[in-house]
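Here is my note on this model, point by point. Please keep the structure open as you read.

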Amino acid sequence: MKKQFKLGVIGGGFMASAIVRGVTGSGFVKGKKIVVADPSEAARSKMEELGVNVSANNREVAENSEYLLFAVKPQNFPAVAEEIGGIGTAKAISIMAGVKKQKIRAALSGCVKVARAMPNLPCSVGAGMTAVDISDFEDAEDCAFIHGIFDSLGNVLICSEDKLNAVTGISGSGPAYVYMFIDGLIRAGVAQGLTEDEAKTLAVNTVAGGAEMVARSEDKTLGQLIDAVCSKGGTTIQAVDSFREDDLYGTIGRAVAACVKRAQELSE
C-alpha cells in the first residue's frame, strides 16, 4: 500500500533540521511528502517553518512513511523502537552514531532493511561529507533515494558498515580538528601583530583554498603540493620543519585513533 509520506523523520534536532532543509531546498523531496516526529513543541514548530508536516506520535509517522530516518540520540533509540516496533513497513535510515544495523533490525522486529549514514556538521551549510552504508538495499530506486538525501547536503561516500567508526574519526568528528587548526592560525596571527578579523579572514580562506586545491589536483600527491609551497631556505620550510619536529602527523594519528576507539566502544 502506498504511504502518505515519502520520508518520515524521528527526531527534530539539529542534524534532522539540516537534512530536511537540504532535501526540501534542493527540491529532492517536497515538504508535503515529509513528516517529522518530535516530542518537543518547539522542535515541531521549527520544522513547520521548513514547510514539512509534524507530529508528536512516532508510531503514526512510522506507519505512514515509506522511508523512516532515525535522527535521535542513540540512548533514546530503545524507547523509540519499543514504541514503533513491529510495524514492519518502513525502510530504515539511521544517522545514530554507534548503533549497528543488526541492533536496529532486532529492535524493529518488522524492519528488514537498514541504511546507516554518518553525516558531519558542515551538512548544515550544504558543504557536508556523509558516508553511507546501503548494502542492505538492492533496489536501484531505494539506493538512489537514500544517496540523494545526503547528496543534497554535500558529498557522499558509499562504504561498508565496518568502516563507519573510522569514518567517524576522519569526517564525522573531523570538522572539530579543522576548527582547532583554524583557531591556532588565528591565535598565531594575532600574536604576530594582525587583528583577529584579519587573521580569521586569512586563516579561513587559506584552509578553504588549500582544501579546494587538493580536490582539484588529482595528478599531484599531497607531498608534491607541500613541496610546491616550500622553497629551499625560504619561509614555508621553516614552519614545515617545525611541524615535523613536533610530530604533527603523529599527533593527528593519535587523536583520530582515540576518536575511533571511542566510536568502537559505543558500538559494542
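1. Start with glycine 189. Beyond its neighbours within four places in sequence, glycine 189 is in contact with Leu194 and Ala199. The residue sits in helix H8. Is glycine 189 buried or exposed? Glycine 189 is buried, because its relative accessible area is 10% and the cut-off for burial is under 20%. One more pair is worth finding on screen. Alanine 203 comes 14 residues away from glycine 189 along the chain, and their C-alpha atoms are 8.6 Å apart. Bear in mind that this is a predicted model.

2. Now the helix pair around that glycine. Two packed helices are described by the angle between their axes and the distance between the axes. Helix H8 covers residues 174-191, and helix H9 covers residues 196-216. Their axes lie 8 Å apart, at an angle of about 140°. That angle makes H8 oblique to H9. The label "roughly antiparallel" would need an angle over 145 degrees. The crossing of H8 past H9 is right-handed.

3. Which residues of H8 and H9 meet? From H8 come Val178, Phe181, Ile182, Leu185, Ile186, Gly189 and Val190. From H9 come Glu196, Ala199, Lys200, Ala203, Val204 and Val207. Sorted by class, this contact holds 10 nonpolar, 1 polar and 2 charged residues. Glycine 189 appears here again, on the H8 side.

4. H8 has another partner, H7. Their axes are 5 Å apart, and the packing angle is about 30°. H7 and H8 are therefore roughly parallel to each other; the cut-off for that term is under 35 degrees. On the H7 side, the contact uses Thr168, Gly169, Ile170, Ser171 and Gly172. On the H8 side, it uses Gly174, Pro175 and Tyr177. By class, there are 3 nonpolar, 5 polar and no charged residues.

5. H7 also packs on H12. H7 spans residues 164-172, and H12 spans residues 248-267. Their axes come within 8 Å and cross at roughly 140°. H7 and H12 are therefore oblique to each other. H7 passes H12 in a right-handed crossing. Asn165, Ala166, Thr168, Gly169 and Ile170 of H7 touch this partner. H12 supplies Val256, Cys259, Val260, Ala263, Gln264 and Ser267. The classes here are 6 nonpolar, 5 polar and no charged residues. Thr168, Gly169 and Ile170 deserve a second look: they take part in the contact with H12, and they are also listed in the contact with H8.

6. Move to alanine 18, in helix H1, which runs over residues 14-25. Alanine 18 is buried, with a relative accessible area of 3%. What does alanine 18 touch, residues up to four places away in sequence aside? The list is Cys123, Ser124 and Leu153. Take cysteine 123 from that list. Cysteine 123 and alanine 18 are 105 residues apart along the chain, yet their C-alpha atoms are separated by 6.6 Å.

7. Check the backbone at aspartate 247. Most residues other than glycine have a negative phi. Aspartate 247 is not a glycine, but its phi is positive, at about 55°. Where is aspartate 247? It lies in the loop between helix H11 (236-245) and H12. With 35% relative accessibility, aspartate 247 counts as partly exposed.

8. Compare another aspartate, at position 227. Aspartate 227 belongs to helix H10, residues 222-229. Its relative accessible area is 53%, so aspartate 227 is exposed; the cut-off is over 50%. Asparagine 64 is 163 residues from aspartate 227 along the chain, and their C-alpha atoms are 57 Å apart.

9. Last, the whole chain. How many helices and strands are there? The chain has 12 helices and 8 strands. Its C-alpha atoms fill a box of roughly 70 × 35 × 35 Å along the principal axes. Of the 268 residues, 41% are buried. The accessible surface is about 15,100 Å², and carbon and sulfur atoms account for 55% of it. Consider contacts between residues at least 6 apart in sequence: 61% of these join residues at least 24 apart. The pair of alanine 18 and Cys123 is one contact to find on screen.

Technical notes:
Residues are numbered from 1 along each chain as its sequence is written. This is a predicted model: local features need pLDDT of at least 70, side-chain atom pairs count only at pLDDT 80 or more; totals for chains, interfaces and linings use all residues. Side-chain values use heavy atoms; hydrogens and water are left out. Axes are lines fitted to C-alpha atoms, for helices over the stretch in contact, and angles run from 0 to 180 degrees between N-to-C directions. Helices (H or I, at least four residues) and strands (E, at least two) are DSSP runs, numbered from the N terminus. Angles under 35 degrees count as roughly parallel, over 145 as roughly antiparallel, 65 to 115 as roughly perpendicular and the rest as oblique. A crossing is left-handed if the near helix is turned anticlockwise from the far one by less than a right angle, and right-handed if clockwise. Contact means heavy atoms within 4.5 Å. Ala, Val, Leu, Ile, Met, Phe, Trp, Tyr, Cys and Pro count as nonpolar, Asp, Glu, Lys and Arg as charged, and the others, Gly among them, as polar. Buried means under 20% relative accessible area, exposed over 50%, partly exposed in between (1.4 Å probe, protein chains only). Accessible areas come from the Shrake-Rupley method with a 1.4 Å probe; for residues, only the protein chains shown count as cover.
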